[in-house]
Amino acid sequence: MRRVLGCRAVRIAIVGAFPFPLPQGSQVYCAEQARALQAAGAEVELLVYGSGAGALPAAARGLAITRVPRALSPRRLGSGPHAAKPLADLVLAAILLRAHRRRRFDAVLAHNAEAALAALAVRPLLRRPVAYVAHTLWRHELASHAPGPLATRLAVPLAELGAGLDALVARRCDAVLALAPAAGRALAPHAHGPLAVIPPMLEPAPDPAPRAVAGACARHGLEPGRFALYAGNLDAYQALATLAAVARRMRAPIVVATHATGVAPAPLRTVHAADAAVTRLLTFGAGVAVLPRRAPGGFPVKLLNYLEARRAVVARRGIAAGLVHGESACLLPDDAGPAVWAEAIDALLDDPSRAARLGAGGRAALERGHDPDALARATLGLLARAGARP
């Protein structure tokens, strides 16, 4: 019989109210967490929406996955609230209850607020602890999902609504797993049960062949080491409008590698990379990797991919948790303007040896602070403190 922390294997339902698979941070983290918990000896089942795009990530292969029927899943693949989600979340709650009757889970890990609310709806029947995996602070992010000018006009009431949602979910759940220290500090006063800050994990893969990296760059008209890269979605909270203002001041191009169908604001260069492998090759080919978002609370999974590739990272101080300015990243003040960003990126592109030192420091920070086995055991410890018992 397998043992986890001295007990028989725990059974964990990982619930994600999002399309799966999708080469996006939340989905990638969810799969990596499931694989790490399984490697630590837990029995894991993943419950997600039936919509998605792209190939099943390697981390999810071999996992038990149960999906909301595609016809009842949101067609829109982007993050944030939208009209089709409430019905899908009700179905997700029903699927969780049915799966529990079949497998008898010992705990539920609910990724983001929608999944937590779905799990809480059936918790009286589950009679198992529900741990809230806080990907973001809605206090800071909710307004970014409002259309156009409404985002500015409704910024204050939406921030208040988001803060209320943060507090409600933290208070109702049996434990809180915050991905970043900022979220831990914000949610701690409301947490009903134990709270732990446990960042996402990543097991570094072998480096791609230099020829493959050069080929990917050449196919998009890029010179290896002579461009900056942002890899991720195009949602408003990523602050790509600010990055476009940075690009107007730079000598070298800033490339946006994304799975999304839209186009980043000019003069950013958009590369549509439906395959995560293409994005990885471009990441290894970039001279600098950038993280322009300013809303605190989440942990950008793309940051781990930057560190894996040993890229020099330029980010705001409040976003890149665990990194040290001048050692593992170039960290700018949270209120830094486009001119400061452009100067920092251009300086690193012009000094490859300094960029390489920062990249090596970032890779060391990844290996030191994001080990899957250690973080899986920390997660199992949190669930145990919340009352999970095999």
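1. Burial across the chain. In this predicted model, 55% of the 390 residues of the protein chain count as buried.

2. Overall dimensions. Taken along the principal axes, the C-alpha atoms of the protein chain fill a box of roughly 60 × 50 × 40 Å. The radius of gyration is 20 Å, which agrees with the value near 21 Å that a compact globule of 390 residues would have.

3. Secondary structure and contacts. The protein chain contains 14 helices and 15 strands. Among its contacts with a separation of 6 or more, 68% join residues that are 24 or more positions apart.

4. The setting of His111. This residue belongs to strand E6, which covers residues 107–111. Is His111 buried or exposed? His111 counts as buried because its relative accessibility is 0%, and the cut-off for that class is under 20%.

5. The partners of His111. Which side chain makes a polar contact with the side chain of His111? The partner is the side chain of His135, at 2.8 Å. Beyond its neighbours within four places in sequence, His111 is in contact with Ile14, Val15, Gly16, Ala17 and Phe18, with Tyr29, Cys30 and Gln33, and with Val133 and His135. Of these, Tyr29 deserves a second mention, as it is also one of the residues that line the largest cavity.

6. The cavity. The structure holds one cavity of 30 Å³ or more, and about 30 Å³ of space lies in the largest cavity. Its lining consists of Val28, Tyr29, Glu32, Pro200, Met201, Leu202, Val301 and Leu304. Two elements each give two or more residues to this lining, namely helix H1 (25–39) and helix H11 (301–308). The largest share, three residues, comes from H1.

7. Character of the cavity lining. How many residues of each class line the largest cavity? Seven are nonpolar, none is polar and one is charged. Glu32 is among the lining residues, and Glu belongs to the charged class.

8. The second largest pocket. About 270 Å³ of space lies in this pocket. It is lined by 14 residues, and the closest to its centre are Leu22, Leu77, His259, Ala260 and Thr261. By class, the lining of the second largest pocket divides into seven nonpolar, six polar and one charged residues.

9. Points for inspection in the model. The reader may wish to view the His111–His135 side-chain contact of 2.8 Å together with the residues that line the largest cavity, including Tyr29 and Glu32.

Key:
Residues numbered from 1 in each chain as written. Predicted model: local features only at pLDDT ≥ 70, side-chain atom pairs only at ≥ 80, totals over all residues. Heavy atoms only, no water. 1 Å grid on protein atoms, 1.4 Å probe; cavity = no way out; pocket = protein on both sides within 12 Å on 5 of 7 lines; lining within 4 Å. Points joined across faces, edges and corners; volume = space filled by probe spheres on them. Helix = DSSP H or I, 4+ residues; strand = E, 2+ residues; numbered from the N terminus. Buried < 20%, exposed > 50% of the residue type's maximum accessible area, 1.4 Å probe, protein only. Polar contact = N/O pair within 3.5 Å; in protein donor to acceptor, adjacent residues only side chain to side chain. Contact = heavy atoms within 4.5 Å. Rg over C-alpha atoms; globule rule 2.2 N^0.38 Å.
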